Structures are given as C-alpha cells and as structure tokens.
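Here are a few notes to help you find your way around this one. Keep the viewer open as you read.

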Amino acid sequence: VKAVVSTQSTGTMEATFQAFSKFGDSKSTGKELDNKKFSKLCKDTGVICKTVTSTDVDICFSKHKPKGGRTITIVEFKAALEELAVKRYPKMSPEERTAAIAKLVGNKEPQTAGTTKTVKAGGTDRLTDTSKYTGSHKSRFGEDGKGKGLAGREELVDNSGYVGNYKGADTYDKNH
C-alpha cells in the first residue's frame with residue numbers, strides 16, 4: 001500500500017515541478033527548476049513555515065544543484081524536498097515524512113493572486129482625479145472622467161472656412 005501512495009504522490013510532485021518550472025517562462029521545457037522558482041514553489045505550497053525558512057530553502061537548493069549549474073532536475077528536486085521534510089517534520093518517521101511532503105507539494109499550481117496589490121496613497125488619489133485637471137489636460141477627459149482618446153490629444157482641424165470661435169457660422173445662406 002505504501003508503494004502505491006508514493007508512486008501516486010511522485011506523479012503529482014512531477015506535475016507541480018513542471019508547473020512551476022514553466023511558470024513565467026514560455027521557453028521552458030519543464031525539466032529544470034531554478035532557485036527563484038524553487039523558492040516560489042516552497043512558499044506557495046507551504047513548505048516554508050516557522051521551522052523551514054527561505055534561507056534553508058536557498059541552502060538546500062545550493063546543496064542539490066550540480067556544481068557550476070543554476071538549475072535542478074526532478075531527481076534533485078525530490079532529494080531537496082526530502083531534506084526539507086526532515087526539517088519541516090522532525091518527529092515523523094521517514095516514510096511519514098515522504099508522504100507528508102508529497103501531499104503538501106503534490107498537484108499545486110503557482111499562485112498569482114495577491115502578489116501585487118494596488119496601494120492607495122493620499123497623493124495618488126489627488127493626482128489621478130480628472131475633475132481637478134486644468135488647462136490643456138482638462139480637455140483630454142470627458143465629464144465622467146474617462147479619456148477621450150485621440151480626440152482629446154489632437155487639435156482637430158475645422159475645414160468649414162470660418163475663423164475659429166466665429167459666432168455667425170453657417171448664417172450667410174439664411175441672410176442672402
């Protein structure tokens with residue numbers, strides 16, 4: 001029964017490995033993981049906690065990567081996770097640790113929500129309030145605060161034949 005669990009967990013760990021190795025890199029083959037992505041994997045899956053810090057993750061990565069290399073393969077990834085599992089679950093037996101870390105890491109995707117939050121500072125609201133714009137900038141926005149686009153940026157040429165701001169435009173035909 002234990003062999004079946006570890007085989008299933010290995011498959012899900014490989015899926016997680018591939019998902020994180022391809023994250024943010026369209027050219028990635030999904031077979032190598034660099035330190036930045038390994039740290040993100042550990043943070044997003046919950047490996048990093050009170051007992052396992054980001055420094056521990058970086059040191060563990062450096063131990064398991066090939067000399068002179070910058071990435072780890074799936075085999076080195078599993079070995080690194082085994083080492084981190086010892087620190088994360090110190091009171092468990094080796095089999096329980098393997099199962100626990102596999103369950104923790106298995107079938108997870110990189111998280112993007114909540115990574116960058118918009119900050120509402122006092123100055124930002126004041127500077128982006130279009131109702132307070134004056135001069136030439138005021139003409140670029142409508143009453144609702146939305147931009148007019150090209151019409152707000154360019155001075156459109158009036159080819160009517162009248163001088164600009166002439167009040168009696170189009171009245172010649174009515175009088176004669």
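The points below go from the whole protein down to a single residue.

1. First, a word on confidence. This is a predicted model, and its pLDDT averages 80, with 82% of the residues scoring at least 70. The weak spot to keep in mind is residues 1-8, where the pLDDT is below 50. That stretch has zero contacts in the model beyond near neighbours in sequence, so please don't read anything into how it is drawn there.

2. Now the layout. You'll find eight helices and two strands, and from the N terminus they come in the order α-β-α-α-β-α-α-α-α-α. Among contacts between residues at least 6 apart in sequence, 52% join residues at least 24 apart.

3. How much is covered up? Of the 176 residues, 23% count as buried. The accessible surface comes to about 12900 Å², and carbon and sulfur atoms account for 53% of that.

4. Have a look at helix α2, residues 35-45. Eight of its 11 residues are buried, so "mostly covered" is a fair description. The buried set includes Phe38, Leu41 and Cys42, but also Lys37, Lys40 and Asp44. Just after the helix, Gly46 takes a positive phi of about 95°.

5. Next, the largest nonpolar core, which has 24 residues. Leu33, Phe38, Val47, Phe77, Leu81, Leu84 and Ile101 are the ones with the most contacts inside it. Helices α1 (2-22), α2, α3, α4 (74-88) and α5 (94-105) each supply at least two of the core's residues.

6. Leu33 is a handy place to start exploring that core. Leaving out residues up to four places away in sequence, Leu33 touches Phe17, Phe20 and Ser21, then Phe38 and Leu41, and further along Phe61, Arg70, Thr71, Ile72 and Phe77.

7. Finally, Asp56, which sits in helix α3 (residues 54-64). Is Asp56 buried or exposed? It counts as buried because its relative accessible area is 18%, and the cut-off for buried is under 20%. What does the side chain of Asp56 make a polar contact with? The partner is the side chain of Lys87, at 3.4 Å. Setting aside neighbours within four places in sequence, Asp56 is in contact with Thr51, Leu84 and Lys87. Leu84 should look familiar, being one of the residues listed above for having the most contacts inside the core.

How values were computed:
Residues numbered from 1 in each chain as written. Heavy atoms only, no water. Helix = DSSP H or I, 4+ residues; strand = E, 2+ residues; numbered from the N terminus. Buried < 20%, exposed > 50% of the residue type's maximum accessible area, 1.4 Å probe, protein only. Polar contact = N/O pair within 3.5 Å; in protein donor to acceptor, adjacent residues only side chain to side chain. Contact = heavy atoms within 4.5 Å. Areas by Shrake-Rupley, 256 points an atom, 1.4 Å probe, with all protein chains shown as cover. Core = buried A, V, L, I, M, F, W, Y, C linked by side-chain atoms within 4.5 Å. pLDDT = per-residue confidence, 0-100.
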